[in-house]
Amino acid sequence: MGNAAQPSIISESNGTYRMDLANKIAVHPVGTKLIGPERQKFVQIEISDVVNPATVPIGFDVHYRPGNGEKVLLGMIALFPPDKPGTFIVATRGLLRRGGAIVVSMLVLKEPEPTDRIQVTLKRISFRTE
Amino acid sequence: MTKLFDAANSMLKPSTRSVSVDMTRDSLFGGKEMNRRAFVSGLGFVGAGLIASTLGGCEALLEQIENRPVRRRLRTGSSAVNAAITTYEEAVAEMKDLDDDDPRSWNAQAGLHGTVTPNVFNFCQHGTNHFFSWHRAYLYYFERICQELTGNSDFGLPYWNWNQNQQMHGAFTDPASTLSHERNSTSVAGNSAFSDSTMDTIFSDNNFFTFGSQLEGSPHNMAHVLIGEDMVTGGSPQDPIFWPHHCMVDYCWAKWNIELENDNTNNDAWHETSWNHFVNENGNAVEITAGSTVLMPLISYRYETSTVGSALGLAALNATELRLVEERIRAGADVRFDIRRRIPIVERTALSLARPFSAETTVSAGDFAALIESDRATERVFASINHARLPSKNDFFVRVFINLPSANTATPTDDPHFAGSFAFFGTHTGDHGKHRHKTDYLVNITDTLKRLRDRGMLADGSPISVQLVAVPIADAPMRPDAELVLDSIELLISPVMIRTR
């Protein structure tokens, strides 16, 4: 059977990002203080607050952008229901290196009405070794 | 028809805290070579054999388990799948005909999960460690209701393998069918959450908790939001595609666990979490534990195998292979997790960033010499940490060290005294306030003891001590009063966990 001890969490920054229909991208650096970025197994994205009264379907692409090079799609997450905060993990596949960045892009999966309002708060983007 | 799961579960309960079976290839086949496909596919039969022997060889029950319903992959060109769709259509119609105050009715069943208006969850588990188990129980009792209302005890819910068939099956888009429903989309094509690459990444994770979290956050959630309308609400089970969608999620768990040989958690609190809001096919309330859901694919239904990502479907066993598996199983496989010895360390203490925990046990390395000096020892030593109250916020996790009273947050995890860590991932109150999950933690310290011994850092007379160090989650604000209150800390000596290998 599996390990009963549950995953530990290692984070480098508690930077908060706010996204809306005009600002759909958050860029979180893989900072110099992070020990062993290549050993970080997951990016953890903590969405602490969502304002989406029309429950417009939304998701997020999570990319890794190396210091110099093309960004790589790590994975995709979605809110269910679209106004429910939550904590999500996406596997890094061992790609993280110092000088790179995690790029989180909000996807609006259905054309919003002009009156629709969407605000998402990413309380913390962190890294986990297990 | 006797309901297999109820019967078997009630009789097995005392001895199946772990449902794993000793199936290392050498021990299973007496050294005989057997290919992995045959070996893994045999688990369905293994389950039947084990249960029959536990029940004293009840042949009728064994036969029922062997003939349990098959959950098939939705596709065209299969008469068996067409028959399942027809039964499902009938079941949906029957459930919609029932009065809402009948707990088996369509609305009542959907209401267990949540409602469309207001858009809220009720009992369902999302973002918790019981995402898999709660939904497995939900599907199981729903399937039984379908069987009862249609008079078809062989009915198995079909599953929508959105990795292989990204377009929803035509039966769900036919306006004349009871399975049709208003939706924003009937396809997940082109979305990377369902791609081979994504599924391979998720399936390569052998940690039960993070595997489940990834599967939930990506393809599961994405299917809900792409299909939209009712599916994107707490009342998503109002849409008939909800059930084949969650059946696929359940198949992913079963495939990861049974076909691909990854292990579920053995955490006591996880296994013992129970729910009493489900009803059986007669509308009577039932109580079920999360731990018992792990048995279901072995005794209550089986999945028609299929490919997910690059993990191929597996062929069925032939008669010879079945016999080999059966022989080994009848020879005896202990499915229990026995605790041979408990060594209490402390009762009722607290841990915080300012206050690490350290205590000596009453045992020394010499007491474990036989265990830690042999690679063939059949027992392991665990530090068992039983909590009484979690901090209100997950601001720290805990590292466990052995024989290092000076351990602190700066002590690296490659220090030879480091044994493991645990956190409170998924144990917060994100369970909609309906239940509280008490999670306890086991850390296997056997390898640490061996390492210290090998390096001459653990003499025979050295008392063994345990340290718990609270480590802040990076620079997250740490409340000075944030404490993990512990009920007890003890060492457990246990036989090697018997495994589904």
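In the predicted model, A:D49 stands opposite A:T121, a residue of strand β8 of chain A. This pair belongs to the contact between β3(A) and β8(A), two strands that are joined in the antiparallel sense over 9 bridges. On the other flank, strand β3 of chain A, which spans residues 42–51, is linked to β6(A) by 6 bridges, and these two strands likewise run antiparallel. Within that second pairing, A:I47 faces A:G86 of β6(A), while A:V43 has A:V90 of β6(A) as its bridge partner.

These pairings form part of an open sheet of 4 strands in chain A, in which the order is β1-β8-β3-β6 and the pairing is antiparallel. The edges of the sheet are formed by β1 (17–20) and β6 (86–91) of chain A, each of which pairs on one side only. From one strand to the next, the twist averages 30 degrees. In general, the strands of a sheet pair through backbone hydrogen bonds, in either a parallel or an antiparallel arrangement.

The sheet of chain A is also contacted by a helix of chain B, since helix α10 of chain B, comprising residues 208–227, packs on the sheet and touches β3, β6 and β8 (119–128) of chain A. The direction of this helix makes about 100 degrees with that of β6(A). Strand β3(A), one of the strands touched by helix α10 of chain B, is mostly covered, with 7 of its 10 residues buried.

How values were computed:
Residues are numbered from 1 along each chain as its sequence is written. Chains are lettered from A and ligands numbered from 1 in the order in which they are written. This is a predicted model: local features need pLDDT of at least 70, side-chain atom pairs count only at pLDDT 80 or more; totals for chains, interfaces and linings use all residues. Side-chain values use heavy atoms; hydrogens and water are left out. Two strands pair if DSSP finds at least two bridges between them. Axes are lines fitted to C-alpha atoms, for helices over the stretch in contact, and angles run from 0 to 180 degrees between N-to-C directions. Contact means heavy atoms within 4.5 Å. Buried means under 20% relative accessible area, exposed over 50%, partly exposed in between (1.4 Å probe, protein chains only).
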